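Work through three short exercises on packing and interfaces. Try each task before reading its solution.

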Amino acid sequence: MSEATLLAIFEDLDPAANAIDTLHEMGVGDENINVISGVPVAHKILGRPHPWTNVSKLSMGGAVAGFAFGIFLNFGTPHLYGIQVGGQYVTPIPPGAIVTFEMTMLFALLATFLGVFLDSYFPNYRPLEYVDEVSDGKIAVFFRVAEDDAKKFTDAMNTLGAESVKPAEARQL
Amino acid sequence: MTASSKYLSGAHEAHDAHHEEDPKQYLMYDPKPRGEMNAMVMESMHTTSWKFWVVLGVLSFLVVTCFFFAWGYMIDEGLYVGGVMRPAYWGVFLVNTVFWIGISHAGTFISAILRVFKAEFRRPFTRAAELMTTFGLIQAGASIFMHMGRVWLSYWMFPIPNARQLWPNFHSPLMWDLLAISTYVLGSTMYLFLPLIPDLAMARDRSTGWRKTFYKILALGFRGTEGEWRHLTVAMNFFAFAIIPVMFSVHTIVSWDFAMAMRPGWSSSVFGPYFVLGALHSGMGAVAMVLFVMRATMKHMDYFIRKEHFDALGKLMLMVTFAYTYFFFNDYIVQWYGGDKATDNLLHWLEEGPMAWMFLQFVFFNIVIPPLLLWSKKVRETPWLLALIGLMINVGMYWERYLIIPVMLTINRMPFTWKLFQPRLEIFLTIGTFSMFLLFYMIVSRLIPLIPVWEVQEGQMTHSLRKVGKAKLPTISEFE
Amino acid sequence: MSQKISRRNFLKLATAGAATTAVLTGCGPASRYVTREPYTKMPEYTYNGLSTYYATTCRECAAGCGLIVRTMQGRAIKVEGNPANPINLGKTCARGQATLHGLYNPDRVEFPIKQGRSAALGTTAMKWEEAFQIVADAMNNANASEIAFLLGTASDHLFDLITDFTTAIGAPAPVRFGALSMFESRATLSQAAENLLGEAGLPFFDLANSDLVVSFGSNFLETWLSPVAYTRGFAKMRRGNTQKRGYLIQFESQMSQTAAKADEWIPVLPGTEGLIALALGRLVAEAKGGSTPRAFASVNVEEVSAKSGVSLEQLEHIAGLIAQAQAPLAVPGGQALGQSNGLSTAEAVLALNALADNYGKPGGVFISPLSPNEDAYHRPASAKEMADFIATLKNGSVKTLFIHGVNPLFEIPKPLGFVEALASVPTVISFATFPDETALASDYIFPDHQGLEAWGYQRSATGAMHSVLSGAQPVVSPMHDTRSTADVLIEAARLAGGKFAEALPFTDEVAFIRSKIANLIGRADGSFAAPEINTFASYFQQSGGWWSAAGASASSSAASALGKTIVIDEAAFAGDGEFFFIPFISPTLGEAGANKPWLQELPDPMTTVMWNSWVAMNPETAHHLGVENDDVVKIISEAGEVEVAVYEYPAIHPEVVAMPFGQGHTAYGRFATAKLPQDRFLGLVPHGGLIGDAFQRGANPADVLGAHFNKAGDLAFAGMKVKIEKTGRKQYLSRLESRIGVYGEGFPEEK
Amino acid sequence: MIRKFFEWVLSPMGRIAMVITVMSLFSLAAYGVYQTQQPPEQPIQFTHKLHVGLGIQCLYCHPGALRGPSPGLPTINKCWGCHQQIAKTQTSPLLKPMVDAMNAGVGFTWVPVAQVPDFVHFTHRPHIAAGLNCEKCHGDMTKVTIAENPQVMNMGWCLNCHKSRTEDNFQNNPTGDAIVSAQLEEKRTKLTDCGTCHY
Amino acid sequence: MTVDLNLVGAKGAIAEAAEGKWGMTIDQDICTGCQACVAACAMENNVAFVGEEDAGYGRTQHWIRIERFWDGEYPHVKATPFQPMLCQQCGHAPCEPVCPVFATPHSPAEDLNLQVYNRCVGTRYCANNCPFQVRSFNWRDYHIIPELGNMVNGTLVFPLHNQLNPDVTVRRRGVMEKCTFCIQRIHHAQDTAKSEGREVEDGEFTTACAQACPASAITFGRVDHPESLVSQMAHQERGVKHLEELNTLPRVTYLKEG
């Protein structure tokens with residue numbers, strides 16, 4: 001039997017939280033619920049599971065790569081064609097500290113930035129389920145239920161004080 | 001007896017007055033619905049008066065003539081159209097570089113350090129400051145390339161494999177500069193973009209026509225799902241912590257360009273922190289000016305940017321001034337006390353030579369006047385006054401860099417070569433960089449939301465007034 | 001302005017020569033300035049990238065230093081001294097080094113030119129055949145007495161050729177004159193030598209072996225007679241003797257470069273040097289004990305001290321030094337001789353040497369040996385003789401005037417009236433290599449080769465105890481369509497025929513030179529010996545000349561010198577100004593170096609001024625006049641006036657102002673005249689800048705010199721008094737030195 | 001406007017167009033590089049192939065290589081020395097330019113092929129003295145008519161040879177002799193010194 | 001003589017290890033300041049002249065300049081001994097490490113400071129860091145200023161370029177330059193010696209300035225050969241080195257007066 005994705009829009013956080021509880025009671029699993037908000041809302045407020053992220057891992061990875069690159073630049077390249085200057089070592093350590101530090105930071109930052117893109121599938125210009133009110137601070141709760149139960153859930157949401165409950169359709173943002 | 005009672009009563013009144021201030025004067029306790037704030041921000045982006053376009057036209061003319069034409073002319077003719085010579089091989093270009101890098105430090109300081117320390121007043125103007133970082137760094141980079149004798153070969157400084165089997169020289173402070181500045185410019189641009197995404201999405205939802213496309217492309221299809229928010233906040237926190245050491249390293253390394261050199265007046269171990277503080281000093285001043293202009297020229301900004309922000313900024317400036325004074329004195333007295341002959345000559349030259357007026361202005365504008373004024377809350381809460389102090393500080397800081405580079409270069413260990421630097425084409429190119437900075441800022445102020453609305457709303461949601469007994473006490477709750 | 005136009009026309013007309021320059025001016029870092037393309041017909045002795053060296057003689061002044069020029073692929077690359085030549089022993093001065101900038105100067109006269117003397121007529125190019133014909137006609141259409149030759153200072157093969165020619169056809173002998181000889185007062189020196197030693201000739205002062213040198217205004221380290229030789233001598237005097245460091249004392253009113261090297265520089269009032277010499281003589285004689293010689297008897301020491309401004313103690317102190325010295329030496333020269341009493345000053349100084357009894361002894365005075373093919377010392381004309389020559393020109397008794405190697409319009413003081421003289425000569429033919437003032441004022445210019453392109457020899461008047469004849473040969477093929485003047489005359493004489501042809505029976509210049517060195521063949525006492533002319537000539541070319549192997553030991557005795565009474569009459573000063581005016585030849589430019597860019601770029605040793613001229617005055621004086629550095633002042637003498645910028649010179653007598661000779665050209669090429677046009681887009685800071693006519697660089701002191709001579713007939717160039725007026729204008733002198741660092745200008749405290 | 005372009009680029013036609021543009025740019029660049037590698041136009045179509053085939057030594061026409069920096073390019077006199085004795089000289093159309101030049105007495109100027117930039121001070125002598133053959137750098141002349149460079153002569157190319165010939169390995173120092181390796185070390189120092197070629 | 005810095009180790013150690021290879025002494029007592037060295041240097045090394053305006057503005061290209069100061073007041077004023085100042089070819093050259101592109105490396109073979117013109121990008125850091133202020137920068141193409149050339153049927157030719165020395169690179173706009181101790185002569189001498197299978201002898205060749213100096217005040221040669229003339233000159237008691245306290249190990253010894 002086919003499924004329908006419904007979208008309930010709430011004015012405030014508390015009804016949204018209640019709505020999610022209700023959905024849980026009515027047997028909709030977290031995997032079938034998604035919340036869209038105009039400000040970051042901590043998962044515990046809505047009683048949602050902790051969302052995963054790889055960003056921090058990626059940053060660390062970048063840092064390591066950058067460190068390696070810095071080491072190569074400072075201690076590797078002189079051995080490709082060493083030139084003496086000012087009676088100093090061909091591969092001095094103090095500048096090495098600077099070079100490796102900068103490279104580490106650069107790569108870490110780049111990795112973090114790209115991490116956001118990778119994790120949240122940016123850029124993404126395909127049609128998506130969305131409502132403009134979200135950026136006005138409303139809380140939008142998506143949930144997928146069986147076609148037949150749609151009516152039931154709509155009523156439940158309305159009783160919980162949803163502004164509107166309608167089937168969500170994907171559109172060009 | 002009477003007198004004392006008078007004093008007491010006076011004190012008492014003051015005490016009461018202090019208690020009866022209205023929490024509504026703080027942005028965080030004066031919430032508006034998100035939709036309204038969005039509308040205000042969008043409107044502030046859309047509304048332009050004819051004055052705006054006139055200024056824009058003038059600036060773009062200046063950029064074309066004084067920046068692009070002048071630079072092209074210099075590349076074509078050679079550096080002799082400038083004023084550099086023996087012994088002042090470095091001139092105004094590097095002064096501009098150091099100055100712009102200094103300006104750029106404000107953004108990072110406000111948006112990163114204040115974020116880390118959860119200073120709530122930062123929320124409305126983090127972006128305005130962050131923009132200064134990026135644009136300032138662009139000007140700084142341009143100035144570095146202007147100063148090069150054969151700029152068309154500047155790619156030789158990048159570590160790329162080549163047929164000559166040669167790599168850049170990592171002993172050279174200039175190489176450290178290159179790495180640090182490129183790191184900083186990339187990092188701060190990304191750090192500018194990340195918090196911008198939700199606001200771009202907001203703008204996307206509220207605009208039509210080419211703006212719609214523009215925002216749509218930039219917003220990358222951001223919707224505000226829990227996942228997206230999570231990644232974003234994690235990344236922003238990481239940036240906030242990571243960009244701070246980068247910021248310190250950048251200006252320290254810039255200072256090392258001078259401190260590593262075997263020259264009187266330059267070779268000083270305190271230059272690193274001295275320059276960083278100097279950078280913050282000028283940066284704060286610049287922020288004050290920008291906020292003043294924003295508030296005065298853009299619509300609805302008096303809601304977002306209030307007395308409290310100027311006050312807080314003033315306090316920051318005061319603190320930085322003191323720190324800067326400490327380092328200045330530190331650098332100066334060590335040099336003076338050492339009494340090395342060359343250094344002695346140099347200091348005399350600065351204090352009583354033909355550029356003494358510059359030295360005095362620098363001391364007064366940066367060290368004497370700001371603390372005297374910023375002391376009073378009234379001054380701090382008067383936007384134009386604060387902006388004026390900011391201007392003063394920036395002039396002073398520009399003089400400081402000017403003294404450190406061409407004027408100090410005049411005096412070296414070979415008195416036979418001493419000569420005073422006179423800027424020639426540099427004047428035009430300096431005007432060019434300044435115009436370009438302003439031009440960018442004006443254009444962007446109408447393209448992206450200068451106020452991070454979601455951050456403001458988040459702040460307002462976390463702030464509340466809790467009634468304890470008779471008093472309503474401000475309360476802040478953590479959402480994350 | 002007329003000169004300007006005609007100069008432009010040269011450039012317009014310029015075709016052949018310049019096209020041969022094998023030079024690329026592309027852009028991009030890898031482009032070549034100097035292409036290394038091979039000869040199309042390569043001589044077997046050259047390989048690409050390897051240099052060939054030729055020995056020749058330096059023509060920048062009359063000293064006759066030997067050069068070895070490094071050439072590569074037909075271009076002269078570098079000038080080096082000829083180590084064998086006893087005059088300079090492998091060393092060169094700055095002017096010698098820069099002679100290449102004369103050879104490759106962009107402003108050379110590149111082909112024979114006929115020009116009207118007025119701008120209206122303009123200039124036209126000529127063929128050399130026409131040129132020969134014109135010279136020949138000039139000879140034919142005038143009787144011998146109506147032909148006159150004016151040559152440069154140097155006594156060279158051209159002088160010999162013309163002397164032979166004129167004697168043969170009965171024309172007046174050629175006159176040799178130039179700024180150098182004018183400022184060197186050679187006539188005075190040889191006259192004094194004759195008076196005291198009964199032997200005319202140029203004295204040579206053996207600095208090298210002396211241990212105490214007392215110089216009376218002599219600038220022997222700069223341009224005087226043979227600067228390279230005398231510099232070597234000075235160095236030996238200072239450091240050559242390991243036991244004793246030589247000591248140098250200089251009496252001079254302003255600190256010249258020579259005085260700067262002196263251990264004691266004693267500023268004196270101009271014209272009192274002779275008195276000081278006498279006073280010293282008397283004191284030395286007294287110190288040595290015995291009777292005071294007649295030469296010094298008449299002098300009153302206190303009076304001298306009062307007049308000259310040299311304190312009695314100083315005089316006694318110096319006299320003491322002289323008395324103790326093993327080989328003391330007194331050298332007259334420079335401004336001391338350029339006075340109305342110059343001759344007696346020279347005599348006094350020579351007498352001082354006589355007292356030291358150092359004639360003909362090492363570290364003493366010698367009469368410079370004659371050159372190998374020289375019958376007697378032919379010194380260049382004195383100013384007096386020049387004046388007489390000019391007079392003959394004026395009274396119209398000369399139809400054709402040939403000028404070579406001298407630029408009288410620039411070098412001779414105006415009152416001598418050369419301008420009018422030139423006007424009264426119907427035909428003036430100049431053999432100038434460069435478009436100088438005189439050349440532009442003449443009817444024809446038949447350009448001679450530059451020194452490095454030419455054959456010849458040059459006598460060295462002094463500078464070594466050897467008798468030296470420096471040989472010259474072309475080191476490169478001529479850049480332009482020029483002809484050697486000797487060849488021109490020979491060719492013209494042949495065309496003229498008759499006695500002229502008989503007077504010059506030579507196929508060409510080289511043949512003549514060979515005839516003149518023929519008398520050396522077989523002489524065993526020389527640098528080389530050869531049995532017959534061909535071998536000899538090739539050796540002569542190869543080793544850059546011929547010189548006696550051993551230094552001649554001069555046999556002059558000074559016994560008579562001391563017996564003669566010497567009276568120094570009061571020096572007379574022309575003009576009613578309040579300042580003594582001392583002109584001196586610029587050490588870097590010399591008399592004719594102004595058109596060589598690198599000489600212009602060389603800072604003057606004392607003032608470090610480049611590309612311009614200045615008047616040096618004591619800072620006090622400047623203060624009294626209310627002027628300061630770079631203020632343009634007008635210097636007014638009875639003869640004329642010049643405008644020049646002030647240089648506050650700390651080491652000059654307050655009553656004296658000094659000015660270098662060598663700048664102030666109104667023609668003579670782009671480097672000598674207008675400054676290099678610089679980019680005007682941002683002349684925000686005025687540096688350099690021009691005064692007066694925008695086409696003139698610096699100022700010429702000869703414009704204020706009057707026609708006054710000393711007893712020997714030399715110009716009393718230091719005998720002028722001038723007034724100084726402010727003009728209110730500024731002229732920023734380009735200095736190498738830092739005014740902040742050296743003079744503490746704008747610098748708050750004592751460095 | 002921007003949007004339209006953006007969408008167009010995403011459309012298949014747009015993508016193809018993009019690919020074509022990029023490729024054409026690349027091929028243009030490649031063609032430019034190729035042009036720089038062509039042998040230049042010489043006054044005469046001189047056939048190295050033939051002359052070397054006849055057994056004429058390189059140093060006969062380029063003797064400078066033995067003595068100094070530049071081997072030199074033969075003057076017309078040198079060509080004429082042999083060619084005047086060859087009947088074909090007068091007839092061959094290829095040689096006509098030389099005959100004309102000789103009669104006119106002007107000679108001709110070769111266009112140097114293997115030319116280093118003026119900031120590189122290259123000297124042939126030590127290379128010949130080190131026992132290098134001409135073809136090591138200039139390629140096998142028995143194959144080419146007009147001389148052309150077998151490879152791009154840049155600093156990396158020079159250094160590779162300098163390094164490989166002076167590194168202390170079995171080939172250069174079979175016995176592992178200490179003195180030899182010291183010499184090699186000193187030689188490498190000299191041969192990798194910037195100042196050896198650049199001043 | 002060559003020093004592997006990584007073997008020798010600390011900076012200090014190299015000071016003893018390398019007393020230098022080529023060195024120079026300048027006797028200030030007999031230097032007459034006649035500028036012959038300056039002219040000779042310019043002619044040998046294609047040093048450009050810059051014209052009055054730039055010369056006055058401190059842009060002279062001289063590789064060697066002669067300094068003189070004043071001492072005392074008139075009439076007891078004295079000009080201090082002329083002091084020719086040129087690149088001191090320091091062993092620990094401050095100019096070297098600051099160049100981002102290795103354009104002024106140290107020559108391990110000749111122990112000189114090199115200036116690789118074609119590598120220079122013109123940051124001018126080296127010049128700022130030179131305590132002797134002897135580096136000069138090509139502010140423009142001083143060799144091809146149009147006013148120096150003649151227009152000959154439409155093309156600009158520069159007769160003066162005929163004099164340029166092919167053994168020395170002609171510097172273009174935007175690069176730093178300095179005295180090289182006439183390294184082209186060093187190489188030429190070494191090459192000749194090698195081709196004749198011998199060592200370079202003392203006095204076999206010399207720099208352009210030393211060659212020209214009429215007073216023979218300049219001596220050039222191997223300072224690491226004790227018997228060479230320059231070593232003997234340098235070890236006199238009146239020999240001093242400039243700014244020795246900076247420990248840049250200059251290779252030029254000045255012989256003072258007296």
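The exercises below cover one helix pair and two chain interfaces in a predicted model.

**Exercise 1. The helix pair**

Task: Describe how helix α5 (residues 128–140) of chain C and helix α20 (residues 485–496) of chain C cross, and which residues make the contact.

Solution:
- Step 1. Start with the geometry. Two packed helices are described by the angle between their axes and the distance between the axes.
- Step 2. The axes of α5(C) and α20(C) come within 8 Å. They cross at roughly 65 degrees.
- Step 3. Add the hand: the crossing of α5(C) and α20(C) is right-handed.
- Step 4. List the contact residues. α5(C) supplies C:Trp128, C:Phe132, C:Gln133, C:Val135, C:Ala136, C:Met139 and C:Asn140. From α20(C) come C:Val488, C:Leu489, C:Glu491, C:Ala492, C:Ala493, C:Leu495 and C:Ala496.
- Step 5. Sort the residues of this contact by class. Eleven are nonpolar, two are polar and one is charged.

**Exercise 2. Chain C against chain E**

Task: How much area do chain C and chain E bury between them, and what share of it is on carbon and sulfur atoms? Then find the polar links and the makeup of the chain C side.

Solution:
- Step 1. Take the area. The size of an interface is often given as the accessible area lost when the parts come together. For chain C and chain E, about 7,200 Å² is buried. Carbon and sulfur atoms carry 60% of that area.
- Step 2. Count residues. Chain C brings 94 to the contact, and chain E brings 76.
- Step 3. Look for charge pairs. Eight salt bridges span the interface of chain C and chain E. One of them joins E:Asp29 to C:Arg245, with the closest N and O atoms 2.7 Å apart.
- Step 4. Widen the search. There are 37 residue pairs in polar contact across this interface, both residues at pLDDT 80 or more.
- Step 5. Turn to the chain C side that touches chain E. Helix α9 (residues 227–240) of chain C gives the largest share, seven residues. By class, this side divides into 48 nonpolar, 25 polar and 21 charged residues.

**Exercise 3. Chain C against chain B**

Task: How many salt bridges are counted between chain C and chain B? Describe the rest of the interface as well.

Solution:
- Step 1. The salt-bridge count between chain C and chain B is zero.
- Step 2. Polar contacts are present: two residue pairs, both residues at pLDDT 80 or more.
- Step 3. On the chain C side that touches chain B, helix α27 (residues 739–743) of chain C gives the most, with three residues.
- Step 4. This side holds ten nonpolar, five polar and five charged residues.
- Step 5. The contact takes 20 residues from chain C and 25 from chain B. About 1,900 Å² is buried, with 69% from carbon and sulfur atoms.

Technical notes. Residues numbered from 1 in each chain as written. Chains lettered and ligands numbered in written order. Predicted model: local features only at pLDDT ≥ 70, side-chain atom pairs only at ≥ 80, totals over all residues. Heavy atoms only, no water. Axes fitted to C-alpha atoms, helices over the stretch in contact; angles between N-to-C directions. Helix = DSSP H or I, 4+ residues; strand = E, 2+ residues; numbered from the N terminus. Left-handed = near helix turned anticlockwise from the far one by under 90°. Contact = heavy atoms within 4.5 Å. Nonpolar A, V, L, I, M, F, W, Y, C, P; charged D, E, K, R; others polar. Buried area = accessible area lost by both parts, 1.4 Å probe. Salt bridge = Lys/Arg side-chain N within 4 Å of Asp/Glu carboxyl O. Polar contact = N/O pair within 3.5 Å; in protein donor to acceptor, adjacent residues only side chain to side chain.
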